[in-house]
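Work through the exercises below with the model open. Each one gives a task and then a solution in steps.

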Amino acid sequence: MKKTRCGFVALIGAPNAGKSTITNNFVGSKVSIVSPKAQTTRTTIKGIGIYDNTQIIFLDTPGIFSPKRRLDRAMVASAWNGFTDADINVLVVDAKRGMNEETSAIIDELIKRNAHAVLAFNKIDLVSQEQLENLKEEFENLFSFDAVFMFSAQSGDHITEFYEYLAENLPESPWYYPEEQMSDMPLKLLAAEVVREKLFLNLRQELPYALTVEPELWEHKDDGSIRAEMTIYVEREGQKTIIIGHNGAMIKKIGQTARQELEELLEERIHLFLFVKVRENWGNDPARYSDWGLNFKS
């Protein structure tokens, strides 16, 4: 009988490289929110799955970029903490974007730390084979990667080889989590993240970065349904007006789409109630950080 393996795989990279899509693809269910906007992921999220005899625990880290605010610094610190905790580190690169300032800075940090890393080019369906080969050469001239993979996490094309490599190279160990577990994130926090994803998808420009979603109530009712109450905190009154929308149309749309997705994910009936409150300095409130496992002092 084959011995079991288990370990942590940190996905690091510039914002919007597709780390959350890889995590969700492997787990086979949404455990990390996804949007076309950069910096959607705010804390390191574990996505847990089985490949052959190996339990792989993906650490989906926030995108690494030049931080400007306290929250930015906490997110970047969370990403590098995930890197430190992992058995295998994977630099995920958007193949269409290629080398940019953020990815170059990450490679500099890898060199400084004398680290080992695997290189994964994602979104390869958006570039030609020639461009991919040129990219591979460019990156390998800068850093000696343990292995290089090219795939599309969105479609799943060529991603199996990547999972096989991870499964074969993680240490022999009993599994850390029950076979059916997909994440260690509490359901109320997952629900808050789904609401925040819908805000990202429906609100334009910078507003999604000026808000946070906090679960206030997660209650199982006698009829088997769940009552969930979430508060959306914004920094200014004008932002609250935008989120509520004309005659409440925007908040209603966000609530409906979030509820539908949560019911599909959890296979339970959800009664979702959203509230919008102004808290000017929520980004400097330590309580907002502790719930998400972020270091307020980063």
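**Exercise 1.** Which order do the strands of the open sheet of 3 strands have, and is the pairing mixed?

Solution. The model is predicted: local features need pLDDT of at least 70, side-chain atom pairs count only at pLDDT 80 or more, and totals for chains, interfaces and linings use all residues. Residues are numbered from 1 along each chain as its sequence is written, and side-chain values use heavy atoms, with hydrogens and water left out.

Step 1. Strands are DSSP runs of E, at least two residues, numbered from the N terminus; two strands pair if DSSP finds at least two bridges between them.
Step 2. The order is S7-S8-S9, and the pairing is mixed.
Step 3. S7 and S9 (270-278) are the edge strands, each pairing on one side only.
Step 4. From one strand to the next the twist averages 20°, with axes as lines fitted to C-alpha atoms and angles running from 0 to 180 degrees between N-to-C directions.
Step 5. S7 pairs with S8 (residues 226-234) in the antiparallel sense over 9 bridges, and Thr212 stands opposite Tyr233 in S8.

**Exercise 2.** Locate Glu214 and state whether Glu214 is buried or exposed.

Solution.
Step 1. Glu214 lies in strand S7, which spans residues 211-220.
Step 2. The relative accessible area of Glu214 is 1%, so Glu214 is buried (under 20%; exposed is over 50%, partly exposed in between; 1.4 Å probe, protein chains only).
Step 3. The side chains of Glu214 and Thr212 make a polar contact at 3.5 Å. Such a contact is a pair of N or O atoms within 3.5 Å; within protein, one must be able to donate a hydrogen and the other to accept it, and residues adjacent in sequence count only if both atoms are side-chain atoms.

**Exercise 3.** Describe the open sheet of 6 strands.

Solution.
Step 1. The order is S2-S3-S1-S4-S5-S6, with mixed pairing.
Step 2. Its edge strands, each pairing on one side only, are S2 (45-51) and S6 (148-150).
Step 3. Neighbouring strands are turned by 25° against each other on average, direction ignored.
Step 4. S4 (residues 88-94) and S5 (residues 118-122) pair in the parallel sense over 5 bridges; Val93 stands opposite Phe121 in S5.

**Exercise 4.** Which residues line the second largest cavity?

Solution.
Step 1. The lining residues, which have an atom within 4 Å of a cavity point, are Ala14, Ala17, Val93, Asp94, Arg97, Gly98, Asn100 and Thr103.
Step 2. A cavity is a set of points on a 1 Å grid over the protein atoms alone where a 1.4 Å probe fits but cannot get out.

Definitions and conventions
Helix = DSSP H or I, 4+ residues; strand = E, 2+ residues; numbered from the N terminus. 1 Å grid on protein atoms, 1.4 Å probe; cavity = no way out; pocket = protein on both sides within 12 Å on 5 of 7 lines; lining within 4 Å.
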